[in-house]
Amino acid sequence: MDRMAESENQDIATRLREAADLLEQQAANPFRVRAYRRAAETVTALDEALSSIMDSGGLDALIALPNVGRGI
(Lines give C-alpha, C1' and ligand atoms only; values in the text may rest on other atoms or scores of the structure.)
Protein backbone atom coordinates (compact mmCIF):
# COMPACT_ATOMS: atom_id res chain seq x y z
CA MET A 1 0.00 0.00 0.00
CA ASP A 2 1.34 3.43 -0.82
CA ARG A 3 1.91 6.10 1.80
CA MET A 4 -1.08 8.20 0.81
CA ALA A 5 -3.44 5.23 1.14
CA GLU A 6 -1.90 4.29 4.48
CA SER A 7 -2.30 7.86 5.70
CA GLU A 8 -5.92 7.93 4.54
CA ASN A 9 -6.71 4.72 6.40
CA GLN A 10 -4.92 5.98 9.52
CA ASP A 11 -6.97 9.19 9.44
CA ILE A 12 -10.20 7.23 9.23
CA ALA A 13 -9.09 4.86 11.99
CA THR A 14 -8.30 7.86 14.17
CA ARG A 15 -11.82 9.21 13.63
CA LEU A 16 -13.31 5.84 14.54
CA ARG A 17 -11.27 5.79 17.75
CA GLU A 18 -12.40 9.34 18.54
CA ALA A 19 -16.02 8.27 18.05
CA ALA A 20 -15.41 5.33 20.41
CA ASP A 21 -13.91 7.69 23.00
CA LEU A 22 -16.88 10.04 22.76
CA LEU A 23 -19.35 7.19 23.08
CA GLU A 24 -17.46 5.89 26.09
CA GLN A 25 -17.57 9.33 27.73
CA GLN A 26 -21.32 9.38 27.15
CA ALA A 27 -21.65 6.00 28.88
CA ALA A 28 -22.87 4.37 25.68
CA ASN A 29 -23.30 0.65 25.39
CA PRO A 30 -19.84 -0.94 25.83
CA PHE A 31 -20.50 -3.27 22.88
CA ARG A 32 -21.01 -0.25 20.64
CA VAL A 33 -17.81 1.38 21.90
CA ARG A 34 -15.92 -1.86 21.27
CA ALA A 35 -17.40 -2.10 17.77
CA TYR A 36 -15.91 1.28 16.83
CA ARG A 37 -12.54 0.29 18.25
CA ARG A 38 -12.56 -2.99 16.32
CA ALA A 39 -13.52 -1.18 13.13
CA ALA A 40 -10.54 1.13 13.65
CA GLU A 41 -8.26 -1.89 14.02
CA THR A 42 -9.65 -3.37 10.81
CA VAL A 43 -9.11 -0.14 8.88
CA THR A 44 -5.56 0.15 10.20
CA ALA A 45 -4.72 -3.39 9.06
CA LEU A 46 -6.08 -3.03 5.50
CA ASP A 47 -3.68 -3.50 2.60
CA GLU A 48 -5.78 -1.20 0.41
CA ALA A 49 -7.11 2.32 0.86
CA LEU A 50 -10.74 2.55 1.92
CA SER A 51 -11.36 4.92 -0.97
CA SER A 52 -10.14 2.24 -3.41
CA ILE A 53 -12.41 -0.34 -1.79
CA MET A 54 -15.32 2.09 -2.10
CA ASP A 55 -14.46 2.89 -5.72
CA SER A 56 -14.28 -0.75 -6.74
CA GLY A 57 -17.11 -2.25 -4.69
CA GLY A 58 -19.25 0.60 -3.43
CA LEU A 59 -20.87 0.82 -0.04
CA ASP A 60 -21.49 -2.94 0.02
CA ALA A 61 -17.73 -3.55 -0.10
CA LEU A 62 -17.21 -1.31 2.94
CA ILE A 63 -20.05 -2.95 4.85
CA ALA A 64 -18.55 -6.37 4.07
CA LEU A 65 -15.27 -5.54 5.80
CA PRO A 66 -14.74 -7.46 9.06
CA ASN A 67 -15.87 -5.47 12.11
CA VAL A 68 -17.34 -2.67 10.02
CA GLY A 69 -20.88 -3.51 8.96
CA ARG A 70 -23.79 -1.19 8.29
CA GLY A 71 -23.85 0.40 11.77
CA ILE A 72 -20.31 1.75 11.57
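This report describes the salt bridges, a buried asparagine, the largest nonpolar core and the largest pocket of a predicted model.

## Salt bridges

Across the whole structure, the search finds three salt bridges. One of them joins arginine 15 to glutamate 18, with the closest N and O atoms 3.3 Å apart. These two residues are three positions apart in helix H1, which covers residues 3-25, so about one helical turn separates them. Arginine 15 is exposed, at a relative accessible area of 55%, whereas glutamate 18 is partly exposed, at 37%.

## A network around arginine 37

Arginine 37 takes part in a salt bridge with aspartate 21, where the N to O distance is 3.0 Å. Because arginine 37 belongs to helix H2 (residues 30-45) and aspartate 21 to helix H1, the pair ties together parts that lie 16 residues apart in sequence. Both partners count as partly exposed, arginine 37 with a relative accessibility of 27% and aspartate 21 with one of 34%.

The side chain of arginine 37 also meets that of glutamate 24 in a salt bridge, at 2.9 Å from N to O. This pair again links distant parts of the chain, with arginine 37 in helix H2 and glutamate 24 in helix H1, 13 residues apart. Glutamate 24 is partly exposed, with a relative accessibility of 49%. Taken together, Asp21, Glu24 and Arg37 form a linked network of salt bridges.

## A buried asparagine in H1

Helix H1, which holds arginine 15 and glutamate 18, also contains asparagine 9. The relative accessible area of asparagine 9 is 0%, so this residue is classed as buried, the cut-off being under 20%. Its side chain reaches the backbone nitrogen of leucine 50, at a distance of 2.9 Å. Leucine 50, the partner in that contact, appears again in the descriptions of the core and of the pocket.

## The largest nonpolar core

The largest nonpolar core consists of 15 residues, and those with the most contacts inside it are Leu16, Leu50, Ile53 and Leu65. Helices H1, H2 and H3 are the elements that each give two or more residues to this core, and the largest share, five residues, is contributed by H2. As general background, nonpolar side chains in soluble globular proteins tend to be buried together.

## The largest pocket

The largest pocket holds about 190 Å³ of space. Its lining is made up of 13 residues, of which Leu50, Leu62, Val68, Gly69 and Ile72 are the closest to the centre of the pocket. The elements that supply two or more residues to this lining are H1, H2 and helix H3, which spans residues 50-63. Helix H3 gives the largest share of the lining, namely four residues. By residue class, the lining of the largest pocket divides into 11 nonpolar residues, one polar residue and one charged residue.

## Where the features meet

Helices H1, H2 and H3 each give two or more residues both to the largest nonpolar core and to the lining of the largest pocket, although the largest share comes from H2 in the core and from H3 in the lining. Leu50 is among the core residues with the most contacts, is one of the lining residues closest to the centre of the pocket, and offers the backbone nitrogen that the side chain of asparagine 9 reaches. Helices H1 and H2 are in turn linked through arginine 37, which pairs with aspartate 21 and with glutamate 24.

Key:
Residues are numbered from 1 along each chain as its sequence is written. This is a predicted model: local features need pLDDT of at least 70, side-chain atom pairs count only at pLDDT 80 or more; totals for chains, interfaces and linings use all residues. Side-chain values use heavy atoms; hydrogens and water are left out. A salt bridge is a side-chain nitrogen of Lys or Arg within 4 Å of a carboxyl oxygen of Asp or Glu. Buried means under 20% relative accessible area, exposed over 50%, partly exposed in between (1.4 Å probe, protein chains only). On a 1 Å grid over the protein atoms alone, a cavity is a set of points where a 1.4 Å probe fits but cannot get out, and a pocket is an open set with protein on both sides within 12 Å along at least five of seven lines; lining residues have an atom within 4 Å of a point. Grid points are joined across faces, edges and corners, and a volume is the space filled by probe spheres set on the points. Ala, Val, Leu, Ile, Met, Phe, Trp, Tyr, Cys and Pro count as nonpolar, Asp, Glu, Lys and Arg as charged, and the others, Gly among them, as polar. A polar contact is a pair of N or O atoms within 3.5 Å; within protein, one must be able to donate a hydrogen and the other to accept it, and residues adjacent in sequence count only if both atoms are side-chain atoms. A nonpolar core is a set of buried Ala, Val, Leu, Ile, Met, Phe, Trp, Tyr and Cys residues joined through side-chain atoms within 4.5 Å.
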